[in-house]
Amino acid sequence: MTLEVDVTVRREAFELRASFEATAGETVALLGPNGAGKSTLVGVLTGIVAPDAGTVRLDGEMLDDVDGDRHVAPEARPIGVMFQDLLLLPHLTAEENVAFPLRARGTSAGIARTSARRALEALSIGERAAAKPGALSGGQAQRVALARALIGDPRLLLLDEPTSALDVSARGRIRELLASTLSQFDGVRVLVTHDPVEAMTLADRLVVLENGGVTQTGTPDEVRAAPRTTYAADLVGVNLYRGNLEPIGEPDAGRLHVAGGGELIASWPDDIPVVSTEVIALIRPADVVVHAVRPEGSARNVLHGTVATIAADGERARVRLSSTPPIVAEVTRDSIGRLRLTEGAAAWASVKAVEIRVVSA
Amino acid sequence: MTHRARSTGVPPGLVAIAVIGVAFVTLPIVGIVLRADWSRAGDVLPSSSTVTAFRLSLTVATAAAIVDLVLGVPVALLLTRVPFRGKTAVRALVVLPLVLPPVVGGVGLLAALGRRGILGGPLEAVGVTLPFTTTGAVVATAFVSFPLVVLATEAGLRSMDGRLEDAARAMGGRRWYVLRRVTLPLLLPQLVAGGVLAWARALGEFGATLMFAGNLAGRTQTLPLAVFEVTQTDPRGALLVALLLVVVSIAVLVALRGRFLGSERRGSP
């Protein structure tokens with residue numbers, strides 16, 4: 001069982017061109033920032049949005065084929081959806097909501113009600129069957145929406161921002177529930193999210209979507225190890241620079257002219273020929289050293305600027321320096337105090353050339 | 001509780017004008033109450049002609065509201081959900097009865113559906129006669145109150161979260177099923193509000209009914225027409241009949257304010 005998507009959707013000022021596959025047994029996350037085209041892609045999968053070109057195929061069945069003039073109506077698609085903002089029908093009880101996909105497809109009221117009740121009980125929320133959505137807590141509503149997505153044995157389970165409606169504390173619990181639900185579902189599983197934590201913890205494979213296009217696909221580990229765009233790098237907490245790497249007459253180093261301004265000296269990787277090459281350079285924030293005064297020492301890259309932000313996270317803190325190019329350093333909280341770092345203060349950052357990972361763009 | 005000085009107050013003279021305005025719209029009601037011949041209330045109100053007219057009014061207004069809902073809700077759906085050329089013109093035509101003098105509506109209906117009207121022949125051929133019948137009174141009042149249902153329904157559709165209907169389709173609902181199980185139930189408050197407004201408007205209809213359906217006691221003489229007729233011979237008795245309409249109107253206002261136009265709000269945008 002496979003979902004194969006290769007579509008183009010045109011809107012006035014926006015074009016989505018997305019191509020990806022998902023196989024039964026794996027969870028694929030479509031991960032991207034707001035405005036990347038995720039909602040449009042969800043619309044294409046559910047059939048609410050008709051693509052302008054391309055195909056959507058599920059288990060060999062064409063759901064969309066623009067050239068073949070085929071568009072399967074939303075109601076005829078074997079897809080279970082947990083919608084963004086849940087979209088529980090406010091005038092129906094929890095049980096009626098879960099029964100809705102069955103009733104809509106012609107199942108008799110009695111059988112639909114029994115199945116819905118069982119589905120609610122499976123997610124341990126059977127006691128709220130008679131409640132209207134307005135009376136449910138956030139977590140309860142989440143479970144009802146999940147039960148509704150699973151009912152009727154869909155071949156594709158589509159979770160659209162499944163935890164975005166919840167506060168942070170409730171997300172963890174729902175994520176566990178989603179993880180176990182996903183692992184028990186044997187059809188194709190697609191998770192749409194802007195939340196990197198959700199994507200990394202629930203998905204087997206990531207499809208990174210930006211500005212209407214797929215910029216990277218890979219396992220969470222692969223994306224973590226080698227993000228291809230600034231967005232992906234920010235997700236995994238890595239500094240990323242695009243630019244041209246120029247030879248400087250040394251055998252194992254080059255000068256990177258960063259696209260947005262500034263330059264860095266980096267080790268020349270073995271697999272890139274020693275000529276001017278467009279590359280991506282990655283720096284782990286933990287490899288960046290922060291100084292309150294201009295550092296003396298062996299590091300070949302010294303950047304100077306003011307501290308833009310300091311974000312504490314447990315014993316660690318991330319310091320964003322508005323240098324050229326800008327850089328994020330991860331330091332201990334102790335050193336924040338020791339270096340007297342405050343937002344707006346001047347500071348220096350140093351990075352060794354060997355700490356900069358260069359990959360071809 | 002403390003009152004803070006507000007920078008957006010109104011000039012004192014304006015308050016005086018506003019008081020005159022309130023008095024202006026209140027005085028007629030006061031007049032009816034004070035000038036009505038209460039001593040004859042026991043004779044006039046239960047009289048067979050008043051009761052007949054009142055009963056006919058309720059029947060005609062209710063039928064008109066139902067006709068408006070059956071025809072008006074699809075029009076509102078068309079205007080909000082279907083893109084087509086000339087939509088502005090269609091909306092203007094549909095809303096026109098709201099501002100059109102009812103008498104003009106009445107002669108228009110005669111010209112269209114009367115015996116010598118453009119559709120009079122075909123209607124007669126299938127055995128339907130509208131002018132000067134109770135059905136004709138329903139048609140005339142439905143015509144005049146039609147925009148109220150369309151406007152209320154349209155407002156409801158615009159404030160509705162359209163994603164709920166998309167979701168219902170993605171969950172397997174065919175268009176008719178989604179309309180029946182999702183759209184209309186979610187619209188219920190606006191449908192009731194529009195229906196009640198249309199009903200109230202139909203109840204008070206005079207001009208179009210008189211032109212198209214006439215003033216036949218027991219068949220087309222609704223309460224407003226009865227008030228008009230009784231006024232010719234018995235002005236103070238007519239005030240008692242008029243008072244009936246005042247009471248019904250106030251009841252409608254209370255119903256709308258309390259339940260349908262109040263603070264009730266559903267869902268998130």
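Trainee: What makes people call β17(A) and β18(A) a hairpin, and which residue in the turn has a positive phi?

Mentor: This is a predicted model, so take everything here as computed. There are 2 residues between β17(A) and β18(A), and A:Gly314 in that turn has a phi of about 65 degrees, which is positive.

Trainee: How do you know that β17(A) and β18(A) are joined, and how many bridges are there?

Mentor: Count the bridges. Two strands pair if there are at least two bridges between them. Strand β18 (residues 316-322) of chain A is joined to β17(A) by 7 bridges, so the pair passes that cut-off. The two strands run antiparallel. For one spot to look at, find A:Ala311, which stands opposite A:Arg318 in β18(A).

Trainee: And what makes β17(A) and β20(A) a pair?

Mentor: The argument is the bridge count again. β17 (residues 301-313) and β20 (residues 346-351) of chain A share 6 bridges in the antiparallel sense, against a cut-off of at least two. The bridge partner of A:Thr306 is A:Ala346 in β20(A).

Trainee: Now the open sheet in chain A. In what order do its strands come, and why do β14 and β21 stand at the edges?

Mentor: The sheet has 5 strands, ordered β14-β13-β12-β15-β21, with antiparallel pairing. β14 (263-267) and β21 (357-360) each have a single partner strand, so one side of each has no neighbour in the sheet. From one strand to the next, the twist averages 40 degrees.

Trainee: How many bridges does β13(A) make with β14(A)?

Mentor: There are 5, in the antiparallel sense, with β13 covering residues 253-258. With at least two needed, that counts as a pair. One of the bridges puts A:Leu256 with A:Leu264 in β14(A).

Trainee: On to helices. What do we use to describe two packed helices?

Mentor: The angle between their axes and the distance between the axes. In chain A, the axes of α2(A) and α3 (residues 109-122) come within 8 Å and cross at roughly 125 degrees.

Trainee: Why are α2(A) and α3(A) called oblique?

Mentor: Roughly perpendicular stops at 115 degrees and roughly antiparallel starts over 145. Roughly 125 degrees falls between those limits, so α2(A) and α3(A) are oblique to each other. Their crossing is right-handed.

Trainee: Which residues of α2(A) and α3(A) meet?

Mentor: Among them are A:Val98 and A:Leu102 in α2(A), and A:Ala112, A:Ala116 and A:Leu120 in α3(A). By class, the contact has 9 nonpolar, 1 polar and 4 charged residues.

Trainee: At what angle do α5 and α7 of chain B pack, and what makes α5(B) oblique to α7(B)?

Mentor: Helix α5 (residues 102-113) and helix α7 (residues 134-159) of chain B have axes 10 Å apart, at an angle of about 125 degrees. That makes α5(B) oblique to α7(B), with the angle again between 115 and 145. This crossing is right-handed too. The contact includes B:Gly105, B:Gly106 and B:Leu109 of α5(B) and B:Ala140 and B:Phe143 of α7(B). It has 7 nonpolar, 2 polar and no charged residues, with Gly counting as polar.

Trainee: Last one: how many residues does the contact take from chain A and from chain B?

Mentor: Each chain gives 16 residues. On the side of chain A, β7 (79-82) and α2 (94-104) each supply at least two, and α2(A) gives the most, with 3 residues. That side divides into 11 nonpolar, 3 polar and 2 charged residues.

Technical notes: Residues are numbered from 1 along each chain as its sequence is written. Chains are lettered from A and ligands numbered from 1 in the order in which they are written. This is a predicted model: local features need pLDDT of at least 70, side-chain atom pairs count only at pLDDT 80 or more; totals for chains, interfaces and linings use all residues. Two residues are in contact if their C-beta atoms, placed from the backbone, lie within 7 Å. Helices (H or I, at least four residues) and strands (E, at least two) are DSSP runs, numbered from the N terminus. Axes are lines fitted to C-alpha atoms, for helices over the stretch in contact, and angles run from 0 to 180 degrees between N-to-C directions. Angles under 35 degrees count as roughly parallel, over 145 as roughly antiparallel, 65 to 115 as roughly perpendicular and the rest as oblique. A crossing is left-handed if the near helix is turned anticlockwise from the far one by less than a right angle, and right-handed if clockwise.
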